Every structure is written in C-alpha cells, then in structure tokens.
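User: I would like to go through this protein model by question and answer, beginning with its overall division and then turning to single residues.

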Amino acid sequence: TNCLTTVWRLFKNLSEDQQRYEKQLIFEHPAFVKLCQQLLLHSRRMTRGDLVFTLHAVVNLGVPQNTRLVQTLVRVCQEKLNQFDNRCISVLATTLAGLDKDKNVSALQAGLQLLVEQRIPSIRDIFILQNLMKCMGKDAPVFLKKKLEMAVLKELDHLTFPNALRVFLALVAMNYCSIPILNACSKKIQENVHDVPFRQLILILEACYNLQYRNVKLFSALADYFNSTACLWDKRQIILCLSAFETLGFQPRELMGIFAEKVTEDPEFLNLKNLLIVLRVYSRLNYVPKGQKHLFFETLHSCLNKYLPQISNTELLKAVYALCILGYLPHRALDELLQKVRSGLTLSYDVYKEQNEMMLHCVKTCMELDSPSFMKPAVGLTENFSLLVSLNLRKAREALVELLGDENMFQENVQLPYKYHIDFEIRMDSDRKKVLPIAATDDHADSSVQRLAFLFVPLSAFCMGTTHPQGKLAMKKRHLNKLGYHVILVPNKKFQEMTNEGAVEFLKSKIYSQNAFPFSEVTLQDDN
C-alpha cells in the first residue's frame with residue numbers, strides 16, 4: 001500500500017505527457033506485476049485504511065476497471081464496508097466517483113449510500129462532508145442531499161476559507177442549491193478573494209450560474225478583484241471572466257472598460273472565437289466604453305472583416321446581430337450577410353432555427369430604424385391593439401384607471417410595426433402636463449402630442465442588480481424612441497410588490513415627471 005500510494009503521489013504531479021510515459025514504464029515493470037499479485041493474495045487481510053487507499057491508488061494510476069485486481073478490491077470493500085471509519089468512507093466515495101457503473105461498483109455504491117445516510121449525524125468534519133457531497137453527486141436522492149445540507153449547516157461556525165471553496169463547488173457536483181450554505185461560503189470567498197486561484201474564480205462564477213444563485217455582493221467583489229488585478233491577467237483570461245459574468249447577466253463595468261482599451265490598442269490578439277465572445281458579451285450587457293465608442297466599433301468591425309472569408313453563416317449572423325444590438329451597422333459584413341440571404345442562406349443547427357430567424361429579423365429592423373436616413377413618423381404607427389391584458393399587468397391597469405379616471409385615457413397591449421409591442425400607451429400634450437384621450441389624438445401630429453410607452457419587464461431584462469437594460473431591451477427602447485415614443489421601463493417584479501396606493505403614486509411620478517422620460521433619443525446607455 002505504501003509503495004502504491006507513494007507512486008500515485010509522485011505520478012499525479014506530472015504533466016499529461018509525462019504521465020503517459022511513466023504509466024507505460026510502471027505497467028511494464030516486472031516488480032509491478034509482482035506487487036499486483038501480492039495485493040490479490042493479501043487483499044482480504046489488509047486493514048481498512050490500506051484497502052481503500054490501495055484501491056484509490058490503483059484506480060488513479062489507470063489500472064483498467066475490468067481487471068481481476070480492481071474487481072477483487074471492490075468486492076473486498078463491499079465485504080468490509082461496515083468496518084470503515086468516516087475517513088475511509090470519504091476516500092472510497094472519491095474512488096467510486098471515478099469508476100464506471102458495473103455490477104460490483106453499483107452494489108458497492110448502493111451499500112456506501114446506505115452507510116453514509118446512517119453516519120451523517122456523527123460526521124463533524126466539513127472536509128469529509130463536502131467530499132461526500134461531491135462524490136454522491138447529482139444522482140443522490142433528495143433526502144440524502146437534504147441530510148448532507150443539514151450536517152454542513154451545523155458546522156458553519158467552523159467553516160474555514162479553503163473548505164468554503166470546496167463546499168461551494170461540492171454543491172454544484174450535487175446539483176443542490178442551499179442558499180444558507182452558499183451565503184456563508186460567499187462571505188468567506190469575498191473576505192479572501194485575493195487567495196483564490198484564477199481557475200477557481202471562474203469555477204465559482206460557473207457554479208453560481210448552474211445553481212441559479214444570484215449574489216450581487218459576491219459578483220461585485222469578484223469584479224472589483226479582477227479589475228484591480230487586470231494587469232496580471234492575459235487577455236484570454238479576461239475574456240473568460242467577461243464571458244462568465246455575461247452568462248450571469250452581471251455587468252463588470254470597469255473591467256469591460258479596461259478590456260475595451262486593450263482591444264482598441266491591440267486588436268490582433270482577437271481570433272474569431274474570441275471576437276464572437278467579445279461581441280456577445282458587450283452586446284448582451286449593453287456596454288460601450290465612454291469616449292471611444294466609435295473607435296471601439298470600428299476596431300471590432302475591422303476584426304470581423306478580416307474573418308469574413310472563413311466565417312460560417314451562423315457565426316456571421318451572430319456577429320452582425322451583436323453589433324446591430326449596440327446600434328452599429330457593420331456595412332461590409334451586412335452586405336455579405338444580405339447577399340447570402342438573397343442566395344438562400346443556410347444556417348447550421350436547425351434546432352436553433354427560431355433563434356436564427358429572430359436574429360435576422362432584428363438585423364433587418366436595425367437596418368431600417370438605425371439608418372441615418374430614417375425619419376420619425378409624423379403620426380403614430382400603431383398596427384392594432386388588444387383589450388386582452390395579461391394577469392401580471394392587471395395591477396398596472398387598475399392603477400392607471402384609478403390615476404387617470406377612465407379606460408379611454410390609455411391604450412393597452414399595443415402592437416407596432418417591426419413586431420414591437422407596448423404594454424400601455426399614454427398620450428400627453430406638448431408640455432407634458434395633461435393626459436389626453438386616446439381617441440381624440442389618433443390623427444394629431446407628433447409635435448402636439450407626446451406618446452408614452454410603458455414596458456413592464458422582468459428583472460432578467462436588466463443587468464443584475466441594476467436598472468441598466470440588457471442589449472435587446474436597450475435596442476427596443478432605442479427603436480421605440482425612433483418611432484416617436486418616450487419609453488418608461490418598469491421592473492415588473494418590484495411593481496407587483498407595491499401596495500395599490502404605492503403603485504398609483506409610482507405611475508403618477510413617471511407620467512408627470514419631467515425627468516422620467518427625457519425627449520432626447522437615446523441610442524444606448526454609454527458607460528451607465
């Protein structure tokens with residue numbers, strides 16, 4: 001056992017290439033064959049610690065699972081399972097997690113699961129608990145996950161920073177979101193963020209996405225750390241950070257500004273894969289660096305042009321769509337895309353057909369509405385409206401009726417050209433002091449009537465923890481401005497939490513406030 005565990009300790013610190021070479025030498029060595037024979041002879045006389053560590057070393061050195069040696073050790077572990085202490089259980093669980101399911105392994109896993117269930121109340125070591133969480137994995141029954149959670153909660157007062165990291169990632173392996181545990185781990189991570197290796201920082205962000213865990217304080221702490229140490233990371237690492245934040249819908253504003261400068265100073269490092277990631281991140285999070293908006297766009301456009309001969313149709317559509325979301329029309333790439341559309345554009349992955357059609361529609365809409373030649377219509381372009389209102393907008397409707405006194409003073413569920421939709425439309429005089437009846441203003445020129453568009457949107461349409469709209473919502477707001485509307489964005493969840501009186505006062509402040517809907521047409525929120 002000592003021989004095998006020593007070999008394994010030396011072996012695991014080698015590079016992959018060295019491991020392949022050393023593994024061949026080990027397996028071909030005559031002493032290794034003799035050692036395996038000795039293990040087969042004496043496996044049933046081994047102590048429990050020697051048994052589990054031997055199996056762990058043999059499996060990790062790459063001895064095939066279907067060999068007599070591995071199968072014998074697994075069967076002996078089955079026979080002695082009830083003799084194992086908590087440490088042995090932890091090591092065995094780790095080993096089994098790396099084995100494929102077969103008759104012996106499945107039987108041992110089932111027995112181990114029953115033993116873990118019995119032993120959990122007696123385990124006080126968080127390291128062992130997190131290891132069991134990780135090794136039991138996603139397939140563990142819910143009641144067992146709950147028991148492990150309760151055991152960890154009892155030991156949170158003794159939670160150290162290294163264990164906080166392990167527990168955080170173990171919850172992902174178990175696919176179990178325990179908010180109290182995650183909050184405690186997050187606090188430790190924030191306090192010790194400078195000691196977390198880069199790869200683990202990325203794993204933490206990915207874990208938050210997988211567990212649907214939203215902690216703005218944690219994300220802000222990580223973003224501040226990445227921002228303060230940006231000079232230590234290479235550009236590819238920063239792209240990894242930005243991509244991880246983007247999947248969470250969190251905007252690390254300062255880091256995005258720093259990286260934008262790096263892009264404009266030296267765009268040559270952007271290969272096609274990284275360029276597409278950068279376009280996706282900046283468009284979804286609706287960010288353009290203050291003071292160098294045009295330069296940033298031109299740099300990205302120039303990089304895209306360089307890859308046009310080799311880019312796939314789907315990648316070209318995604319790239320053009322991202323730039324259009326930001327309000328920039330990449331003419332050469334657009335020409336290429338439209339030429340392919342005219343000649344029968346074929347897009348890969350039919351499963352994403354609906355998404356691709358949506359992106360193509362947005363591109364065509366941007367080409368019309370974001371063109372310098374587009375003129376704001378003299379009268380409203382309402383196509384139709386419906387009296388039907390969704391249940392989650394009923395509260396807003398009732399508040400508007402109470403505030404304005406009549407259903408004829410507003411229009412709901414308004415359908416506009418370009419497939420745009422408005423939850424509620426209100427019309428006011430040019431001084432924005434009086435709400436006008438809808439029917440009496442249908443034919444009025446836009447200069448004498450001001451149109452308000454209320455959009456009740458989910459929190460997911462904003463960058464996390466802010467009221468900064470994400471890319472698609474910012475584009476819709478920009479386009480509604482072009483169509484002659486003043487847009488008022490209302491986070492629907494927060495609105496639903498208001499009292500009826502509070503909802504009326506909120507809408508009143510938005511309708512009659514001079515600052516609620518500035519007349520200037522906003523193309524996107526620069527560095528907000």
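**Domains, cores and helix packing**

User: How far apart are the C-alpha centres of domain 1 and domain 3?

Analyst: This is a predicted model, in which local features need pLDDT of at least 70 and side-chain atom pairs count only at pLDDT 80 or more, while totals for chains, interfaces and linings use all residues. Residues are numbered from 1 along each chain as its sequence is written, and side-chain values use heavy atoms, with hydrogens and water left out. The bounds, which come from an automatic or database domain assignment, give domain 1 (1-122), domain 2 (311-374) and domain 3 (391-512). Between the C-alpha centres of domain 1 and domain 3 the distance is 65 Å.

User: Which residues have the most contacts inside the largest nonpolar core?

Analyst: A nonpolar core is a set of buried Ala, Val, Leu, Ile, Met, Phe, Trp, Tyr and Cys residues joined through side-chain atoms within 4.5 Å, where buried means under 20% relative accessible area, exposed over 50% and partly exposed in between (1.4 Å probe, protein chains only). The largest such core has 157 residues, and those with the most contacts inside it are Leu 92, Phe 168, Phe 226 and Tyr 282.

User: At what angle do the axes of helix H16 and helix H17 cross?

Analyst: Helices (H or I, at least four residues) and strands (E, at least two) are DSSP runs numbered from the N terminus, and axes are lines fitted to C-alpha atoms, for helices over the stretch in contact, with angles from 0 to 180 degrees between N-to-C directions. Where the two helices meet, with contact meaning heavy atoms within 4.5 Å, Tyr 282 is among the H16 residues and Phe 296 among those of H17. The axes of H16 (residues 272-284) and H17 (residues 293-307) come within 10 Å and cross at roughly 145°.

User: Is Phe 462 buried or exposed?

Analyst: Phe 462 is placed in the loop between strand E5 (449-457) and helix H22 (471-482). Beyond four places in sequence, the residues that Phe 462 touches include Gly 249, Leu 473, Leu 489 and Pro 491. Because its relative accessibility is 3%, Phe 462 counts as buried.

User: What is the relative accessible area of Val 320?

Analyst: Val 320 is placed in helix H18 (residues 313-325). Leaving aside neighbours within four places in sequence, Val 320 is in contact with Pro 330, Ala 333, Leu 334, Leu 337 and Val 363. Val 320 is buried, and its relative accessible area is 0%.
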